[in-house]
Amino acid sequence: MDFRTISPQTTEELLEAIKQNQGKHFRFGAGYTDLIPELEMQMENGLIVINLAKLKDSNFTSIFLSEDGIRIGALTTMTDVLSNKHLQKFPVLIEAVESFASVQIRSVATVGGNLCTASPAGDVSCALVALGAVSEILIANGQIRTVPLTEFFTGVKTTVLKKNELLRSVLIPHQKSAERILSGFIKIGNRNSMEIALASLAYHITTDKNGIITSAGTAVGSVAETIRYTESACEFLLGKNMDQLSEEDKETFADNVLKYANPISDIRASAWYRHQVLWNISKSIL
Ligand SMILES: Cc1cc2nc3c(=O)[nH]c(=O)nc-3n(C[C@H](O)[C@H](O)[C@H](O)COP(=O)(O)OP(=O)(O)OC[C@H]3O[C@@H](n4cnc5c(N)ncnc54)[C@H](O)[C@@H]3O)c2cc1C
């Protein structure tokens with residue numbers, strides 16, 4: 001494959017590489033599990049790859065607890081997420097990683113790559129949207145701007161990132177203290193492993209000691225142009241008693257989730273099937 005690679009080791013070198021190449025055609029590379037297959041399909045002439053894999057900046061490479069939440073560096077891998085003690089309290093994220101590809105792919109595929117590739121089927125991206133995470137974007141002038149992940153994806157394979165920007169980290173803000181957590185990731189595919197979702201649902205719902213739902217985050221994957229936060233479904237749940245939800249409540253919740261789905265029919269499943277399966281899994285989580 002014919003492209004030139006630049007491998008910055010410090011953030012200063014990275015910012016300089018971005019500035020120097022503004023007028024040229026460049027892409028970032030992290031774990032390369034999306035980029036290489038993409039370039040194999042269609043090589044881009046004169047491409048420069050700014051390789052992030054050698055970068056030694058803990059803001060990019062670590063997962064750590066901070067005052068405002070848990071910060072996940074864009075270059076942390078799926079394996080790093082699975083083994084991190086702070087992230088175990090988010091089953092939605094852990095299950096999304098467990099459903100992800102193979103052990104080998106997980107050890108190189110990065111969280112940042114999953115978000116920036118902006119696939120509607122991005123499993124970890126879907127879980128992070130449900131968790132209300134916020135992207136932290138590094139601009140070539142050294143400043144950081146933040147964008148909630150609910151607004152990060154602008155279309156199939158497109159994001160809010162500008163040419164002089166890259167994703168540095170994502171922040172999962174501290175959650176309200178909860179008595180009970182209902183959190184998980186459901187991925188429907190045609191096979192049990194190495195599967196791209198036909199439809200997926202990420203959910204993270206908390207209650208107080210009386211069973212009252214105090215926070216709700218749900219997101220859907222593979223059923224629209226982008227991963228979507230199902231806001232009205234979340235709002236519907238707030239304030240209700242988790243243990244006293246009627247059949248009608250569960251169906252209204254599922255109807256609300258479906259409002260965010262606009263699936264296509266393709267070789268793997270029809271739009272009708274994706275709708276049905278999404279409605280069923282949405283109802284089933286409550
Ligand atoms: C066999 C196989 C199975 C897979 N299974 C799954 C699966 O089950 N679920 C799933 O969600 N995905 C799956 N994927 C897709 C892929 O592994 C993930 O999307 C992965 O997280 C991408 O991360 P990466 O580090 O490899 O990204 P890369 O390939 O390095 O980059 C992907 C894109 O993001 C950009 N990018 C990377 N990092 C940054 C950054 N910090 N800032 C700005 N732009 C950046 C790159 O320029 C590129 O456009 C699979 C891929 C393969 C090959």
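**Exercise 1. Helices on a sheet**

Task: In this predicted model, find which strands helix α5 lies across, and at what angle α5 runs to β11.

Solution:
- Step 1. Locate helix α5 at residues 91–98.
- Step 2. Look at the strands under this helix: α5 lies across β11 and β12 (199–207).
- Step 3. Compare directions: α5 runs at about 20° to β11.
- Step 4. Now turn to helix α11, residues 271–284, which packs on the sheet as well. Helix α11 touches β11, β12 and β13, and its direction makes about 20° with that of β12.

**Exercise 2. Two helices side by side**

Task: Work out how α5 and helix α8 are oriented to each other, and which residues make their contact.

Solution:
- Step 1. Two packed helices are described by the angle between their axes and the distance between the axes.
- Step 2. Find α8 at residues 123–130; its axis and that of α5 come within 8 Å and cross at roughly 175°.
- Step 3. Angles over 145 degrees count as roughly antiparallel, so α5 is roughly antiparallel to α8.
- Step 4. List the contact residues: α5 brings V92, L93, A96 and V97, while α8 brings D123, V124, C126, A127, L128 and A130.
- Step 5. Sort them by class: nine are nonpolar, none is polar and one is charged.

**Exercise 3. Strands and their partners**

Task: Give the strand order of the open sheet of four strands, and name its edge strands.

Solution:
- Step 1. Follow the pairing, which is antiparallel, to get the order β11-β12-β13-β14.
- Step 2. Look for strands that pair on one side only: these are the edge strands, β11 (180–188) and β14 (228–229).
- Step 3. Check one pair: β13 (residues 213–221) and β14 are joined by two bridges and run antiparallel. Here A219 stands opposite Y229 of β14.
- Step 4. For practice, try β4 (residues 63–66) and β5 (residues 69–73), an antiparallel pair joined by four bridges. A hairpin of two residues connects β4 to β5, and S66 has G69 in β5 as its bridge partner.

**Exercise 4. Around the ligand**

Task: Where does the shell around the ligand lie with respect to domain 1 and domain 2, and which residues come nearest?

Solution:
- Step 1. Of the 29 residues around the ligand, the nearest are G31, T33, A101, G113 and N114.
- Step 2. Trace the suppliers: β2 (26–29), α2 (35–41), α7 (111–116) and β10 (165–173) each give at least two residues, and α7 gives the most, with four.
- Step 3. Sort the shell by class: 17 nonpolar, nine polar and three charged residues.
- Step 4. Domain 1 (4–51) and domain 2 (58–173) both give residues to the shell, so it lies between them.

Key:
Residues are numbered from 1 along each chain as its sequence is written. This is a predicted model: local features need pLDDT of at least 70, side-chain atom pairs count only at pLDDT 80 or more; totals for chains, interfaces and linings use all residues. A residue is near a molecule or strand if its C-beta atom, placed from the backbone, lies within 6 Å of it. Ala, Val, Leu, Ile, Met, Phe, Trp, Tyr, Cys and Pro count as nonpolar, Asp, Glu, Lys and Arg as charged, and the others, Gly among them, as polar. Domain bounds come from an automatic or database domain assignment. Two strands pair if DSSP finds at least two bridges between them. Two residues are in contact if their C-beta atoms, placed from the backbone, lie within 7 Å. Axes are lines fitted to C-alpha atoms, for helices over the stretch in contact, and angles run from 0 to 180 degrees between N-to-C directions. Angles under 35 degrees count as roughly parallel, over 145 as roughly antiparallel, 65 to 115 as roughly perpendicular and the rest as oblique.
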